[in-house]
Amino acid sequence: MTAVATQAGAPFSVTIDWYGIDWRKVKRNVRRLQVRIVKAIEAGRWGKVKALQYLLTRSFSGKALAVKRVTENRGKRTAGVDGEIWETPRKKAEGIGNLRQHGYRAKPLKRRYIPKPNGKQRPLGIPTMKDRAMQAIYKLAEDPVVETTGDPNSYGFRKERSSADAIAQCFLCLRQKTSPGVVLEGDIRGCFDNFSHEWMLKNIPIEKGILTQWLKAGYIDKGVFNRTEAGSPQGGIISPDLANMTLDGLEELIETRPHRGTKRQAKLHMIRFADDFIITGSSKELLEEDILPGVVEFMGERGLELS
């Protein structure tokens, strides 16, 4: 039988025919729910946001689109700790049917290391296919939040934004003779490894039970299991959204923090790409004495510190 959901949130129990899925309808259903989430956020109806996210993450359309994403991206042939990949239509269809929140338990990540330009290595966590698909479902529900509530000048891992946009904004802020003369470059020490789980569970609008599973899943490195007491795993589909939501609010803090001179005289701007950012100002004293303490406090609340 062909699995075709009549509504975005309709339950499904029939046998799923991967080739019989109407992808145009699936994408339309998901997009419609995402638009409703954005409208609810703009209206300040966070109860409605939660209800719509619940509907999306349990819908056939959401699950089908999530499986499609993780089985067609660059990592589709990279297995997690269970060694499974969903390379056939049958396994993809079974993946849709097996994505259930009730009784869900995230497996540990498989730790791999990739070289950095400075000679160091960046740890990368590889989730199982099922965990990747589950994260992809929730990313569909979280993207409207990230895009609607995110800092205006945050450019990393956001739709229709790129590093080129961040560079362009830097140019606009610094191109004139009257532009800010001092720049504070922000570099967060081990950002993804140190996010406070307590802060994330309290402040990120996502189901706490599901988020806890991802944060506490741990990882296996060279055959040894390691617990995770802090941080968000690099390599998961949902990780960029979690990072952006954790760091959002920094721009508002800088704009509203008391400082010497008028707002026009201070020439304050913040431009962020993922966990790297710059703050401009009219003087070194302004940035060091008025702005930097607020940034340090902001980071400390989230378990972070500047390099």
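Student: How much space lies in the largest pocket of this model?

Tutor: The largest pocket holds about 1,300 Å³. Do keep in mind that the model is a predicted one.

Student: Which residues are closest to the centre of the largest pocket?

Tutor: Its lining counts 40 residues, and closest to the centre are Arg122, Leu124, Phe157, Gln234 and Gly235.

Student: What makes these count as lining residues?

Tutor: A lining residue has an atom within 4 Å of a point of the space. By that rule, 40 residues line the largest pocket. They divide into 17 charged, 12 nonpolar and 11 polar.

Student: Which strand gives the most to the lining of the largest pocket?

Tutor: Strand E2 does, with six residues. At least two residues come from each of E2 (121-126), helix H5, helix H7 (191-194) and helix H10 (239-247).

Student: Why is Asp143 called buried?

Tutor: Asp143 has a relative accessible area of 8%. Buried means under 20%, so Asp143 qualifies. Asp143 lies in helix H5, residues 129-149.

Student: What is Asp143 in contact with, leaving aside its neighbours within four places in sequence?

Tutor: Those contacts are Lys159 and Asp241. Contact means heavy atoms within 4.5 Å, so Asp143 has heavy atoms within that distance of both residues.

Student: Asp241 is in H10, I see. What makes H10 mostly covered?

Tutor: Nine of the nine residues of H10 are buried. Asp241 is one of them, and the others include Ser239, Met245 and Leu247. After H10 comes Gly249, whose phi is positive, near 110°.

Student: Back to E2: which strands form an open sheet with it?

Tutor: The order is E2-E1-E4-E5, four strands with mixed pairing. E2 and E5 (224-226) are the edge strands, each pairing on one side only. From one strand to the next, the twist averages 40°.

Student: How do you know that E4 and E5 pair?

Tutor: Pairing takes at least two bridges. E4 (residues 219-221) and E5 have three, so they count as paired, in the antiparallel sense. In one of these bridges, Ile220 has Phe225 in E5 as its partner.

Student: Which order do the strands take in the open sheet of three?

Tutor: That order is E3-E7-E6, and the pairing is antiparallel.

Student: Why is one side of E3 and of E6 left without a neighbour in the sheet?

Tutor: E3 (182-187) and E6 (269-273) stand at the edges and each has a single partner strand, so one side of each is left free of a neighbour. The twist here averages 15° from one strand to the next.

Student: How many bridges join E3 to E7, and what packs on this sheet?

Tutor: Six bridges join E3 to E7 (residues 276-281), and the two run antiparallel. Gly186 stands opposite Phe277 in E7. Helix H13 (residues 284-301) packs on the sheet, where it touches E3 and E7, and its direction makes about 145° with that of E7.

Student: What makes an empty space a cavity instead of a pocket?

Tutor: In a cavity a 1.4 Å probe fits but cannot get out, whereas a pocket is open. This structure holds three cavities of 30 Å³ or more. The second largest cavity has a volume of about 40 Å³. Among the residues that line the second largest cavity are Ala106, Lys107, Trp214 and Pro233. Its lining divides into five nonpolar, one polar and two charged residues.

Terms used
Residues are numbered from 1 along each chain as its sequence is written. This is a predicted model: local features need pLDDT of at least 70, side-chain atom pairs count only at pLDDT 80 or more; totals for chains, interfaces and linings use all residues. Side-chain values use heavy atoms; hydrogens and water are left out. Axes are lines fitted to C-alpha atoms, for helices over the stretch in contact, and angles run from 0 to 180 degrees between N-to-C directions. Buried means under 20% relative accessible area, exposed over 50%, partly exposed in between (1.4 Å probe, protein chains only). On a 1 Å grid over the protein atoms alone, a cavity is a set of points where a 1.4 Å probe fits but cannot get out, and a pocket is an open set with protein on both sides within 12 Å along at least five of seven lines; lining residues have an atom within 4 Å of a point. Grid points are joined across faces, edges and corners, and a volume is the space filled by probe spheres set on the points. Ala, Val, Leu, Ile, Met, Phe, Trp, Tyr, Cys and Pro count as nonpolar, Asp, Glu, Lys and Arg as charged, and the others, Gly among them, as polar.
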